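Trainee: I have a structure open and would like to learn how to read it feature by feature. Could you guide me through it?

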Amino acid sequence: SNNMSSAGQSIASEVGCPILYTIISDGSDWIVSGKIQGLIDFASGTETLTLQFRGIPTQSGILRNFPELLLKYLPSKSADKNLVDMLPPITVQCRNPDYFKSMAYTTSTSLAVPAGIDEF
């Protein structure tokens with residue numbers, strides 16, 4: 001979850017500029033699934049946002065590269081370009097462990113089977 005300051009909330013909402021979040025796993029040791037991109041809705045009046053996603057290690061062993069969370073203003077057509085340029089920069093500080101130990105499955109067997117598109 002990520003806490004937004006109420007000052008940042010009111011500035012961005014007054015300008016009519018939603019914030020786009022993206023979880024990027026390129027260059028990491030993870031495959032990420034779930035809602036990895038979306039808009040932060042200021043209309044709800046909450047200061048807390050919970051992101052729902054799942055990370056799957058791509059290899060066994062010690063992993064040190066983690067997905068990143070990016071936030072950026074997404075100016076709407078009605079937003080004043082000068083006001084959007086005056087918005088404070090968004091800085092994201094993610095807390096990751098120094099390393100994550102991924103262990104290979106040794107007691108189960110997996111089987112990949114092609115599925116038709118209508119099965120989803």
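Trainee: Which residues does L63 touch, not counting residues up to four places away in sequence?

Mentor: Please keep in mind throughout that this is a predicted model. Leaving out residues up to four places away in sequence, L63 touches D29, W30 and P57, and also Y99, F100 and S102.

Trainee: Which residues make up the largest nonpolar core?

Mentor: The core has 11 residues in all, and L63 and W30 both belong to it, together with I19, Y21, I23, V32, I40, L49, F66, L69 and L71. When you sort these by element, β2, β3 (30–34) and β8 are the ones that give two or more residues to the core, and β2 gives the most, with three residues.

Trainee: How should I read the sheet, and what is the order of its strands?

Mentor: It helps to take the order of the strands before their pairing. Here the sheet is open, its three strands follow the order β4-β2-β8, and the pairing is antiparallel. Because β4 (37–40) and β8 (68–73) each have a single partner strand, they stand at the edges, and one side of each is left without a neighbour in the sheet. From one strand to the next, the twist averages 25 degrees.

Trainee: How many bridges join β2 to β8, and how many does β2 form with β4?

Mentor: Six bridges join β2 to β8, while strand β2, which covers residues 19–24, pairs with β4 over four bridges; the two strands run antiparallel in the first pair and likewise pair in the antiparallel sense in the second. For individual positions, you can look at I23, whose bridge partner in β8 is L69, and at L20, which stands opposite L39 in β4.

Trainee: Is β2 largely enclosed or largely open?

Mentor: A residue is called buried when its relative accessible area is under 20%. Five of the six residues of β2 are buried, so the strand is largely enclosed by the rest of the structure.

Trainee: Does T22 count as buried or exposed, and which side chain does its own side chain meet in a polar contact?

Mentor: T22 lies in strand β2, and because its relative accessibility is 17%, T22 counts as buried. Its side chain makes a polar contact with the side chain of Q37, at 3.1 Å. If you leave aside neighbours within four places in sequence, T22 is in contact with I36 and Q37, and also with E68, L69 and L70.

How values were computed
Residues numbered from 1 in each chain as written. Predicted model: local features only at pLDDT ≥ 70, side-chain atom pairs only at ≥ 80, totals over all residues. Heavy atoms only, no water. Pairing = 2+ DSSP bridges. Axes fitted to C-alpha atoms, helices over the stretch in contact; angles between N-to-C directions. Core = buried A, V, L, I, M, F, W, Y, C linked by side-chain atoms within 4.5 Å. Buried < 20%, exposed > 50% of the residue type's maximum accessible area, 1.4 Å probe, protein only. Contact = heavy atoms within 4.5 Å. Polar contact = N/O pair within 3.5 Å; in protein donor to acceptor, adjacent residues only side chain to side chain.
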